[in-house]
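Open the model in your viewer and keep the selection panel at hand. This tour goes stop by stop.

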Amino acid sequence: MIAPAVVGIMVFQYYPVLVAVVHSMQRFDPFTHAPIEFAGLDNYIRMFTGADFQTSLWNTLLYVVISLLIEIPLSLGLAVLIDRKLPGTRFVRIAVIATLAASETVAAIVWAQMYSPDQGLLNGILGVFGLPPQSFLSSSGQSLISVVVMSSWKNIGIPTLIFLTGLQAIPRDYYEAAAIDGAGNFRQFTKITVPLLRGSSVVVLFMSTLAATRIFVPIVLMTQGGPNGATSNLVYYSYEQAFQYNSAGTASAAAIFMLAFLGVIIAIQFKVLGAKDE
Amino acid sequence: MSRATVDSPGRPVARRSTRFAAWTVAMVIAGMVFAFPILWLTSTSFKSTTAFLSEAFPLSWKSFLPSEPTLANFLSIFENFHFERNLLNTAIVSGGQILGSMAVCSLAGYAFAVRDFRFKRMLFALCMVPAFLPAEALIVPLYDVVKSLGLVSTYWGLFLPFVCNPFGILLMRQAFKEVPSSIFDAAQIDGASEARTFLLIGLPNVKPALATLALLQFIWSWSSFFWPLVAMQDPAKQVAQVGMANFATAANTPLYGEMFAAATVLTVPVVLLSIMLQRYYVNGMMSSSVK
Amino acid sequence: MVHRIRAVETVHHLVTRKPPIEGIHMELRNSELARRTFVRGAAAFASLAALGGAAACTSDNSRGTSTAITKGPGPGGYKIDLGGYQGPELTTEQITLKFLRQSYSDAMNARFVELYAQFNKAYPNIKIAEELIPYGNLPQKIQIYTQSGDAPDIMMSRLDFTTYMARSGTALDLTGYFSDKYLSDLFKPIRDAASLDGKMFLMPWEGYVPVILYNRDIFKKAGVATPPQITDIDHGWTADQMIETMIELTHNLRKKGDTATWALESSILGNGGPGSNYTQCESIWIRSMGSRNAARGSSLHNTWQGVSDDGLSVTGYINTPEAIAGMRNYQRLFTEGLTPKSAIPAQFQGQQAAMSMNSTRQILQRDQPGGKAPFDVGMTLDPTGNMLFGCNSGDAPFVWAKTKHPNEAAALLGFLCSDANQPTYFRTRGAFITRRSLADNMEEYHTPDGQLSMKIADNCDGAPRTVGWSEYYSAMNPAVKNIALGADPEKTLNETAKAIDDQLKKFKS
């Protein structure tokens, strides 16, 4: 019964990885892109010592941390609001689902227009409130966070829905009992909601981490990794090495490194949370 | 839950209605913030390229709403560029990906959840690891695989690699675990075949998870760009995302009107579908998460 | 392991390759042709084997064997006018030619379909299958295709990639397929850009002639004198004059309460905005500070040349004092608020910018149906440093070196660029026409602007000659963008030069 899945995964996932592992230890003819000789760990050494790679690695961590800082509280807040069926929450719910449905390409095109420092809508709106215009994607300081905001907007739907289903599974009488004991809304939230959402939180953490590590389309379409490499991440680095710098070996090494890197991050998260699979 | 959690009984009516109004306003604003990019996209698709270029700045109501709404962009993408062909292709590919992954992932999920066999844990881990793979970085070897299978420029080549999805397998496994095992045991005692048990007892019990899987696969395949760009070489079978990107470079000035119209055509149906289906997949999410 | 798989694939590919078999068939009719095809097949064998790493010994002299093309009936002797094509008459077998290009406007796409139909009528056995993809993805697609050993017969590239396409054995040498008369009709700098060591590898079917376009109405509104009206290329304005004019323009417009109009539009090339297309746009600021007439090896000459003679080193070429001064000028456009720091679409067309660093395309097209600008457009030269510099890299198709149908692919390109067809292409797309005899016969080129365009075209250069142009270009674009956004030009250029040199090392062997 699992044969189709296992075969599919072997053919379409593991085989390319295997190829990448082999490629990552080979030197390539820059003209033909054909492997010409075994290079040992040269590609890895070249990659680790390169400033571009170090920046990309650091940025990848930033992407993950900032994304989690934005997405987890925001999606939890949205889920709580939607769950409470306050007036107007249907609207929020529909809006959040809509973001889920927009494609990344479309989202990047629209957000790039909004972010434009010279004529963008966001600066127009800031101007209405008397705030100075911001450079958004055009400054090293703001570009990464701008990409994260856009991508969090795009991705917020999934964690919100996961939290929402988690909330809906919490028996109502817990809250009623707490209310009778005189616990206010805030105490109810910290003492009941948060602990009981542990399962959902793990899934959210897992999925948001994956999504944050793999941000790619917004970078290609909005910043091309700039300015000053401020928005480049590991995926983009690998893509750049493969398609702009004719360095298939380094590109593969980056892919393999990323696989290990993600594995470690997820493992740490599970360890810290003490979560068990089963 | 009722509104009682927010408004404790016995408060003055006036204060209640103020709070009601305040919440409504707050919610609508929050909703607008999230929906804004999509609303703006939709509204812009009714502007001509010239109007889009000249009215974006300085900020006025015209930056948000079309001053002279036109359907020309929509007519152009269908009449001049036959965007409907791209849409049909996307639909075929998405359909294949949804059906394929529902079949493959539910089978695997069922086996992992309900059956015992050798190396089960190891095989399950094996199926989960690909979730960490950076797909963009592995596109060249993947292309080699698809090419050697003779699937380049076929619909199959576009969706088959993504049918076995780790998240889908996890989702389905969790869903089958939720089903009380006594049901499966009873079926076995009654002498039902494995296939029968799976089809008639297993599947009907995991409908919400299937709906979730279908929706997620739909969203993923509907929005995929890079893979079809690489693996589809027959323009007659090219998908809509690539077709849309073509508008950006088609002429001396990018055809923004056409591009936004295409983006709207691509986005709005998915939004509507996700809204209509939410009852199913919101429940489906639950089984994957509350465990 | 993968290594071996590739070698096996290569052998398999060879066994199933068609040309030698085709050759045997044709032997009955034309033994000369059969031998040629066989030689081509053998050449391909050798270079393929070299790719696989199996037999690296014969690779070098095998390249270029393809120049020995048997002349066919020549112009006029085919079933349809194939332009300058002079190769053998086309096959009578059923074949399909695959053509990978970017999607154009619908009018332009329709034009291709129309031309294919004409070709197909004369040669009903030759089917043409197009693959249209977004422009920006062409290089990736070509890379994946050629890497996998199976690519379309004709693919679209750009003249700045000529060296790479030729040296990597990706593009077929087209020289012998076209008559000398046809080749010498091409504007020389454009032909040079498409050629390596005198052999033409890309078909330069449209030229890029960089100029500055300006909107007379906005200048009038601001009360600023328009840029110099000129008829020859020696009297253009300097970077300082250009910047002064833009400062005055911006100042006057702001004083009048106009906060939306810019002096210079955001670049619309590539991804748009600063650093989006070094080849065609930003290199002007650096390379114009050099001089092609200065002594070889001098700083001035190096600045113009852009890369060492062997094409493998840029330190001392892109970070000379002249180059740094050029980038300081460029940076002023942004620090003085003369042009936007981000990509904003089509400001010039939307009348939100007074000037555009662009090509002659728009001005030459303005009197054409649909191309007419709603305002009064003027044209002047790009800023002159120590010389007038413009890079003529236009899009250009090439024939895949390993195609099974080299004759037919070359003939199709010849047909598309015949005397009758190339002008219509030019008119629909508005590109600069690449052949002098055609330009002489077109009224658009008899206007003062048209005449000036031709003079500029005669004075343009190709991109720096390096096999690593992709690396060069990919590193220069973000560097230029960083400078636009405030990075120190000297430091940035020094670092970038080092980074590019590092990348180019891999081509040394």
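Two strands count as paired if DSSP finds at least two bridges between them. Keep that in mind for the first stop. Remember too that this is a predicted model.

**Stop 1: a sheet in chain C**

Select C:Leu100 first. Which residue is its bridge partner in S3(C)? Select C:Met155 and you have the partner. Now widen the selection to strand S1 (residues 95-102) and strand S3 (residues 154-158) of chain C. These two strands pair in the parallel sense, over two bridges.

Next, bring in the rest of the sheet. Four strands of chain C make up an open sheet, in the order S2-S1-S3-S10. The pairing is mixed. Colour strand S2 (126-133) and strand S10 (395-399) of chain C: these stand at the edges. Each has a single partner strand, so one side of each is left without a neighbour in the sheet. From one strand to the next, the twist averages 30°.

Stay here and add helix H6 (residues 138-147) of chain C. The helix packs on the sheet and touches S1, S2 and S3 of chain C. Compare directions: that of H6 makes about 135° with that of S3(C).

**Stop 2: where chain B meets chain A**

Show chains A and B together. How many residues does each chain bring to the contact? Chain A gives 72 residues and chain B gives 68 residues.

Now look at the side of chain B that touches chain A. Select helix H1 (13-44), helix H4 (83-114), helix H5 (120-128), helix H6 (139-148), helix H11 (207-222) and helix H14 (256-289) of chain B. Each supplies at least two residues of that side. Highlight H14(B): the largest share, 14 residues, comes from there. Then colour this side of chain B by class. You should find 52 nonpolar, twelve polar and four charged residues.

**Stop 3: two domains in chain A**

Hide chain B and select residues 60-217 of chain A, which form domain 1. Give domain 2, residues 233-278 of chain A, another colour. Taken over C-alpha atoms, the centres of the two domains are 24 Å apart.

Their contact takes eleven residues from domain 1 of chain A and ten residues from domain 2 of chain A. On the domain 1 side, pick out helix H3 (51-83) and helix H11 (198-213) of chain A, which each supply at least two residues. H11(A) gives the most to this side, with five residues. By class, the domain 1 side has seven nonpolar residues, three polar and one charged.

Methods. Residues numbered from 1 in each chain as written. Chains lettered and ligands numbered in written order. Predicted model: local features only at pLDDT ≥ 70, side-chain atom pairs only at ≥ 80, totals over all residues. Contact = placed C-beta atoms within 7 Å. Nonpolar A, V, L, I, M, F, W, Y, C, P; charged D, E, K, R; others polar. Axes fitted to C-alpha atoms, helices over the stretch in contact; angles between N-to-C directions. Domains from an automatic or database assignment.
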